[in-house]
Amino acid sequence: MTYVIQEACVGVKDAACVDVCPVDCIYEIKPQEKYKNLPMFIHEDECIDCGACEPECPVDAIRVEDEAEEPWITINAQLSEVQDGL
Ligand code: SF4
Ligand code: SF4
């Protein structure tokens with residue numbers, strides 16, 4: 001399983017979650033001019049499901065995958081694959 005970042009992150013992206021992640025698996029897809037309508041994302045293969053990021057989000061955008069909604073589960077997974085190719 002993994003954690004997923006949802007729509008509420010778009011337009012905020014303050015990186016509060018990044019600061020507390022013990023394995024540095026939260027990323028921002030670049031370039032932002034092109035992907036400004038996408039949230040930050042959690043790499044599905046790197047996340048250790050510790051839950052530390054969830055309470056840090058000021059807009060309640062982070063959910064464990066079982067409680068997240070589409071299309072954000074798929075988008076986080078697709079962005080993880082893109083990140084692997086960078
Ligand atoms: S659940 Fe833990 S490991 Fe996964 S993204 Fe959040 S802080 Fe990082
Ligand atoms: S803390 Fe929330 S709003 Fe801030 S970057 Fe992380 S997911 Fe986005």
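# A walk through the fold

Let's start with Leu38, which sits in the loop between strand E2 (26-27) and strand E3. Keep in mind as you look around that this is a predicted model. Is Leu38 buried or exposed? Leu38 counts as buried because 20 other C-beta atoms lie within 10 Å, and 20 or more is what a residue needs to be called buried. If we skip residues up to four places away in sequence, Leu38 touches Val10, Ile29 and Ile75. Ala16 is another story: 22 residues separate Leu38 and Ala16 along the chain, and their C-alpha atoms are 17 Å apart.

One of those partners, Ile75, takes us into helix H2. Ile75 itself counts as partly exposed, because it has 18 C-beta neighbours inside 10 Å. Try finding Phe41 from here: Ile75 and Phe41 are 34 residues apart in sequence, yet the distance from C-alpha to C-alpha is 8.2 Å.

Now look at H2 as a whole. This helix runs over residues 72-84, which makes 13 residues. From its first C-alpha to its last it reaches 18 Å, close to the 18 Å expected at 1.5 Å a residue. Which residues of H2 are buried? They are Trp72, Asn76 and Leu79. These three cover an arc of only 65° around the axis, so they end up on the same side of H2. Turn to the face that points away from this buried side and you meet the exposed residues Thr74, Glu81 and Asp84. And what lies over the buried residues? The cover includes strand E1 (3-5) and strand E3 (41-42).

Those strands lead us to the largest nonpolar core, which has 16 residues. Within this core, Tyr3, Ile5, Ile26, Ile42 and Ile62 touch the most other members. Two or more residues each come from E1, E3 and H2, and the largest share, 3 residues, is from E1. Here is a bit of background: in soluble globular proteins, nonpolar side chains tend to be buried together.

Ile5 is a nice place to pause and look around. Which residues does Ile5 contact, once neighbours within four places in sequence are set aside? The list is Pro39, Met40, Phe41, Ile42, Ala61, Ile62, Trp72 and Asn76. You have already met Trp72 and Asn76 as buried residues of H2.

A little further along the chain comes Glu7, in the loop between E1 and H1. Glu7 counts as partly exposed because it has 15 C-beta neighbours inside 10 Å. Leaving out neighbours within four places in sequence, Glu7 is in contact with Pro39 and Trp72, and both of these are also contacts of Ile5. Ile48, on the other hand, is 41 residues from Glu7 in sequence and 22 Å from it in space, C-alpha to C-alpha.

Next, the two ligands. Around ligand 1 you can find 14 residues, and the closest are Cys21, Cys47, Cys50, Ala52 and Cys53. Sorted by class, this shell has 12 nonpolar residues, 1 polar and 1 charged. Ligand 2 has 15 residues around it, with Cys9, Val12, Ala16, Cys17 and Cys57 coming nearest. Its shell holds 12 nonpolar and 3 charged residues, with no polar ones.

Finally, zoom in on the backbone for some details. Which peptide bond near Pro31 is cis? It is the one from Lys30 to Pro31, with omega near 0°, and Pro31 lies in the loop between E2 and E3. The bond from Glu70 to Pro71 is cis too, with omega near 10°. Pro71 belongs to the loop between strand E4 (62-64) and H2.

Two aspartates are worth a look as well. Asp24 has a positive phi of about 50° although it is not a glycine. You can find Asp24 in the loop between helix H1 (16-20) and E2, and it is exposed because 9 other C-beta atoms lie within 10 Å. Asp49 also has a positive phi without being a glycine, with a value near 60°. This residue is in the loop between E3 and E4, and Asp49 counts as exposed because it has 10 C-beta neighbours inside 10 Å.

Definitions and conventions:
Residues are numbered from 1 along each chain as its sequence is written. Chains are lettered from A and ligands numbered from 1 in the order in which they are written. This is a predicted model: local features need pLDDT of at least 70, side-chain atom pairs count only at pLDDT 80 or more; totals for chains, interfaces and linings use all residues. A residue is near a molecule or strand if its C-beta atom, placed from the backbone, lies within 6 Å of it. Ala, Val, Leu, Ile, Met, Phe, Trp, Tyr, Cys and Pro count as nonpolar, Asp, Glu, Lys and Arg as charged, and the others, Gly among them, as polar. Helices (H or I, at least four residues) and strands (E, at least two) are DSSP runs, numbered from the N terminus. The expected span of a helix is 1.5 Å times one less than its number of residues. A residue is buried if 20 or more other C-beta atoms lie within 10 Å of its own, exposed if 12 or fewer, and partly exposed in between; C-beta atoms are placed from the backbone. The arc is that of the directions from the helix axis to the C-beta atoms. Two residues are in contact if their C-beta atoms, placed from the backbone, lie within 7 Å. A nonpolar core is a set of buried Ala, Val, Leu, Ile, Met, Phe, Trp, Tyr and Cys residues joined through C-beta atoms within 7 Å.
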